[in-house]
Amino acid sequence: MMKRFRDFARVFSENSENWNRKLKSVRLLGAVVSLCMLVCAVLCMHSAVPMHQAFKTAAALVIIALGMYQLVDYYYMPVLLRDGGTLIGAVLNTVIGMLLLFSPVEITVSVFAYMFGFLLMIFGVNKITFANKLHFFGIFDYSWVIASGVLNILAAAVFLIIPLISIVMLNTALAGYLAMGGITLLVEVVTMKNMKIEDAQE
């Protein structure tokens with residue numbers, strides 16, 4: 001049993017070291033994507049109605065870029081900490097971006113609002129679950145994960161409720177999704193640190 005535990009700890013330590021080596025690159029990529037999302041959110045909020053096609057295309061490309069970042073984040077995450085939620089989020093963001101680029105006019109804004117809401121809910125639950133994993137493995141500095149998860153769940157509730165009580169414009173829905181995604185991603189990037197594992201007690 002002790003041998004198995006030592007092997008487990010060794011594998012986890014090696015994976016954590018790989019994450020720490022790639023941390024700077026991941027943080028830089030995340031910062032670029034989050035800032036692009038925030039800039040695009042401001043442009044969408046101030047765009048004319050109906051929304052200008054150039055802003056819609058830019059928003060779609062930024063959402064696709066977010067999906068690509070999540071794939072990179074998933075790839076560099078230690079194997080024992082990888083979770084399906086991150087991978088699902090990456091795929092769904094890419095799909096939503098493609099839908100924004102090529103969707104017909106008949107697709108209503110409410111459909112996108114609900115999609116954004118459910119996606120944010122997935123992100124939020126996934127982050128909180130991920131924080132529990134970090135706590136279980138004795139890794140410090142995971143409070144940013146919990147904060148990100150809570151913010152995503154609150155934003156999801158707003159996206160799911162608003163279409164029921166008022167008319168939502170596409171630029172408003174996009175701006176809200178990009179702003180929330182950009183803020184939470186920026187929080188993660190700024191507070192992201194090397195993984196430190198507690199020493200095993202003898």
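A helix, in the sense used here, is a DSSP run of at least four residues marked H or I, and helices are numbered from the N terminus. With that in hand, A65 can be placed in helix α2. The model treated in these exercises is a predicted one.

**Exercise 1. The chain as a whole**

Describe the protein chain by its helices and strands, by the share of its residues that count as buried, and by its exposed area.

Solution. Begin with the elements: the protein chain has 6 helices and 0 strands, and from the N terminus on the order reads α-α-α-α-α-α. Next, turn to burial, where 41% of the 202 residues count as buried. The area that the chain exposes is about 11100 Å², and 71% of this is supplied by carbon and sulfur atoms. Finally, consider the contacts between residues at least 6 apart in sequence, of which 81% join residues at least 24 apart.

**Exercise 2. A65 and S34**

Decide for A65 and for S34 whether the residue is buried, partly exposed or exposed, and then describe the surroundings of each.

Solution. The cut-offs come first: a residue is buried under 20% relative accessible area, exposed over 50%, and partly exposed in between. A65 has a relative accessible area of 31%, so it is partly exposed. The C-alpha atom of A65 is separated by 9.4 Å from that of M37, a residue 28 places away along the chain.

S34, which belongs to helix α1 (residues 2–45), has a relative accessible area of 0% and is therefore buried. A polar atom of the S34 side chain lies 2.9 Å from the backbone oxygen of A31. When residues up to four places away in sequence are not counted, S34 touches G182, L185 and L186.

**Exercise 3. A glycine in helix α5**

Work out which residues G149 is in contact with, leaving aside its neighbours within four places in sequence.

Solution. First locate the residue: G149 is found in helix α5, and because its relative accessible area is 0%, it counts as buried. Then take the distance to K127, which is 22 residues away in sequence, whereas the two C-alpha atoms are 4.8 Å apart in space. The contacts asked for, with those sequence neighbours left aside, are G124, K127 and I128.

**Exercise 4. The aromatic cluster**

Classify the ring pair of F116 and F159 and the ring pair of F116 and Y177, and state which parts of the chain each pair ties together.

Solution. A pair of aromatic rings is described by the distance of the centres and the angle of the planes. There are 2 aromatic pairs to consider. In the pair of F116 and F159, the ring centres are 6.0 Å apart and the planes stand at 80°, which is over 60 degrees, so this pair is edge-to-face. Since F116 lies in helix α4 (residues 109–136) and F159 in helix α5 (residues 143–165), the pair ties together parts that are 43 residues apart in sequence. Both F116 and F159 are buried.

The pair of F116 and Y177 is stacked, with 4.3 Å from centre to centre and 10° between the planes. Here helix α4 holds F116 and helix α6 (residues 170–191) holds Y177, so the parts tied together are 61 residues apart in sequence. Y177 counts as buried at 1% relative accessibility, and F116 is buried at 0%. To conclude, the ring pairs link F116, F159 and Y177 into a cluster.

**Exercise 5. From the cluster to helix α3**

Find the residue whose side chain N93 reaches in a polar contact, and give the distance.

Solution. N93 sits in helix α3 and is buried, with a relative accessible area of 0%. Its side chain makes a polar contact of 2.4 Å with the side chain of Y177. Not counting residues up to four places away in sequence, the residues that N93 touches include I63, G67, L119 and F123 as well as Y177.

**Exercise 6. A nonpolar patch**

Determine which residues form the nonpolar patch on the surface and which element gives the largest share.

Solution. The patch is formed by M68, L71, L87, V91, V95 and L99, which together have about 440 Å² of accessible area. The elements that give two or more residues to this patch are α2 (53–76) and α3 (84–102), and the largest share, 4 residues, comes from α3. L99 has its place in helix α3, and with a relative accessible area of 32% L99 is partly exposed.

Conventions: Residues numbered from 1 in each chain as written. Predicted model: local features only at pLDDT ≥ 70, side-chain atom pairs only at ≥ 80, totals over all residues. Heavy atoms only, no water. Patch = residues over 30% accessible without salt bridge, like charges linked within 9 Å, V, L, I, M, F, W, Y side chains within 5 Å. Areas by Shrake-Rupley, 256 points an atom, 1.4 Å probe, with all protein chains shown as cover. Salt bridge = Lys/Arg side-chain N within 4 Å of Asp/Glu carboxyl O. Buried < 20%, exposed > 50% of the residue type's maximum accessible area, 1.4 Å probe, protein only. Polar contact = N/O pair within 3.5 Å; in protein donor to acceptor, adjacent residues only side chain to side chain. Contact = heavy atoms within 4.5 Å. Phe/Tyr/Trp six-rings, centres within 6.5 Å; stacked < 30°, edge-to-face > 60°.
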